[in-house]
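Work through the exercises below with the sequence and the structure at hand. Each task is followed by a solution in steps.

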Amino acid sequence: RTLFSYLFLLGLILNLPVISFSQELIQNLPGRETLSLNGRWNYIIDPYKMGYLDYRQQPFDQSESGKGGFYDNITAKEIDSTQRVEYDFSQSPTLKVPGDWNSQEERLELYEGTLWYKRDFHVDLQESKRYFLHFGAVNYEAHVYLNGKKLGVHKGGFTPFQFEVTGELKNGKNDVVLMVDNSRKKDEVPTVNTDWWNYGGITRDVDLIITPETFIHDYKVQLANNDMKMISGFVQLDGNQKQGQIKVEIPELKISKTISVNNSGKANFDISVKNVDYWSPKNPKLYEVKISTEKDEIKDQIGFRTIETKGQDILLNDNSIFLKGISIHDENPFVEGRLRNEGDMRMMLSWAKELGCNFVRLAHYTHNEKMLRLADEMGLMVWAEIPVYWTISWENMETYENAENQLASGILRDKNRASIIIWSVGNETPVTEARNDFMEKLIARARQLDDTRLIAAALEVETEGNVAVVNDPLGEKLDLASFNEYAGWYWGEPENISQYTFDIKFNKPVVITEFGGGALGGFHADKTTMWSEEHQEYLYEQQLKMLDKIDGLRGMTPWILVDFKSPRRNHPVYQNFWNRKGIISETGEKKKAFYILQDYYQNIN
Ligand code: GCB
């Protein structure tokens, strides 16, 4: 049972108008025929939810007429000067989509609340086609209306969602209206407290996807679980004519396989392969894969690799590897705000390459689909994560459903990306029984959804004198002994780091998912002076010496590639709302620590 089915039942019991919630995602958006709805959208700031609730706080869209909200977009229709209307999209200012609102308008910089978006678009409806309105990500809660009618609600600021709008679209002009609310709430995922900016709005692409009546809805084409000689997967059709055959072709491997679909429109397959040029950071080989039916065809670029652990080793295509990584937020330091396009993303990943990385931790939530495709292409292995961060409401079922939904959406969307080797189910969550149950359920779900990748989480250490102990019971269930440790920053002094040792209770590959310290780019002093580049540099030198002594150390993703904005960072001189743990400053200058890490990575194979 999903959260949505519970809400659906609740809706029925309370006799509320039934809302269709967002539906199963279509695989491979870039491979589809789409009409982009990016561009300028009118917006209205609505801190009191005037456009949604009447003065008794009842939602207009659940009233008998369903009318009265801003989604009516009434001024676009014939109204005369005698009518009282207290909003008007057409005369309201615009925001760029995709893009968070905070970075586009000064009075929205710290805004957390409700904002409405509207855009008109034109469609020439085609016979026997289906249409889906797709959002790459909207932070946090989105209510979506098409031509005044509610399509549904989506929660979760970093995962894609869509609604089928076949039959709802008009030939010619249409309007889409969104109410977006980024208020922080205790029971949401993430919860109220995070160390990143709560960028609100439509932060990723909006597209109208156009498909044939019966089409290829989803597919997985990957090597089977640790079998380098078998491509295993499925194709799922959607539509009225789900019978017949599908064809999977990989021309470069001389593969062309025809499979019949079963009654539910699904075809499972196993295809033995020889002479595959395996994907790896040194050789990010992608093959063109073509999937077709009589009526539909889709192409993708897919890499083939295996990933597994053996004792304290991580094996990529059966070869032991060291994860030379760095943590990254989905944020552009130059044009403050979320990464908006491929250029921004390429800049971030190119910095990681320059640092000598073969691995990136895309913290702390699902990043843009384009980022994963770039990682595939550029040869960077990826740790992907969901915002189960710090103090989630562990005992709330809906919170769990929400977390699971975000996990599942990421896996559903990115399961064909060779770059992703690890699904992380959370970061620095405090050990309690309720939390252990919650996390264990997430781990089990992740394994059920994908048995071809590792499952991990960023755990914490407990310090006992000079010893950092890693004994979080969750470690038993995960594939890695992966944890954050802030020796020399949140505990201890950099000069004492050499005395610290680790007591790790799990015989698994050790990956340090965070360490680091803050420095203001361009501020120079001696190594004992807080916030100086020299202090951060010294901390990195000491950390690397200490970490080198860990048995089974198989990788690290220091915190973090670039400075990023955080409301928790209030020092007026050194921080000014920036988390300064970047080894690159917010103006793109490499700090001294960058070169220490670069040098360290250069000396590892
Ligand atoms: C952490 C968190 C990360 C923070 C970082 C910090 O442990 O995982 O999200 O930004 O520490 O700078 O304190």
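**Exercise 1. Backbone exceptions**

Locate Tyr140 and Ile560 relative to the strands, and state the form of the peptide bond that precedes each.

Step 1. Tyr140 belongs to the loop between strand S6 (138-139) and strand S7 (141-146); strands, of at least two residues (E), and helices, of at least four (H or I), are DSSP runs numbered from the N terminus. The model is a predicted one, in which local features need pLDDT of at least 70, side-chain atom pairs count only at pLDDT 80 or more, and totals for chains, interfaces and linings use all residues. Residue numbers start from 1 along each chain as its sequence is written.

Step 2. The bond from Asn139 to Tyr140 is cis, its omega being near 5°.

Step 3. Ile560 is placed in the loop between strand S33 (553-556) and strand S34 (564-565). Trp559 and Ile560 are likewise joined by a cis peptide bond, with omega about 15°.

Step 4. For background, most peptide bonds are trans, and most residues other than glycine have a negative phi.

**Exercise 2. Two residues with positive phi**

Are Gln57 and Asn73 buried or exposed?

Step 1. Gln57 has a phi near 65°, a positive value in a non-glycine residue. For Asn73, also not a glycine, phi is positive at about 50°.

Step 2. Gln57 is in the loop between strand S2 (39-45) and strand S3 (94-97), and Asn73 is found in the loop between S2 and S3 as well.

Step 3. A residue counts as buried when 20 or more other C-beta atoms lie within 10 Å of its own, as exposed when 12 or fewer do, and as partly exposed in between, with C-beta atoms placed from the backbone.

Step 4. Gln57 is exposed because it has 8 C-beta neighbours inside 10 Å. Asn73 is buried, because 22 other C-beta atoms lie within 10 Å.

**Exercise 3. The surroundings of Ala363 and Lys290**

Describe the position, burial and contacts of Ala363 and Lys290.

Step 1. Ala363 sits in the loop between strand S24 (359-362) and helix H3 (369-378). It counts as buried because it has 26 C-beta neighbours inside 10 Å.

Step 2. Two residues are in contact if their C-beta atoms, placed from the backbone, lie within 7 Å. Not counting residues up to four places away in sequence, Ala363 touches Ser327, Ile328, His329 and Glu385.

Step 3. From Ala363 to Ile560 the C-alpha to C-alpha distance is 9.6 Å, although 197 residues separate them in sequence.

Step 4. Lys290 lies in strand S18 (residues 287-292). With 16 other C-beta atoms within 10 Å, Lys290 is partly exposed. Apart from neighbours within four places in sequence, Lys290 contacts Glu249, Glu297 and Lys299.

**Exercise 4. Strand pairing**

In what sense does S26 pair with strand S25 (residues 381-385), and in what sense does strand S21 (residues 313-316) pair with S22?

Step 1. Two strands pair if DSSP finds at least two bridges between them. S25 and S26 are parallel, with four bridges; Trp383 has Ile422 in S26 as its bridge partner.

Step 2. Strand S26 (residues 420-427) is largely enclosed by the rest of the structure, because eight of its eight residues are buried.

Step 3. S21 and S22 are antiparallel over two bridges, and Leu315 stands opposite Ser320 in S22.

Step 4. The three strands of this open sheet run in the order S20-S21-S22, with antiparallel pairing. Strand S20 (307-310) and strand S22 (319-320) are its edges, each pairing on one side only.

**Exercise 5. Helix H7 and the ligand shell**

Which residues of helix H7 are buried, and which residues surround the ligand?

Step 1. In H7 (residues 592-602), the buried residues are Lys592, Ala593, Phe594, Ile596, Leu597 and Tyr600. Their cover includes helix H2 (342-355) and helix H6 (533-548).

Step 2. Around the ligand are Asp195, His364, Asn427, Glu428, Asn484, Glu514, Trp559, Asn579 and Lys581, where a residue is near if its C-beta atom, placed from the backbone, lies within 6 Å.
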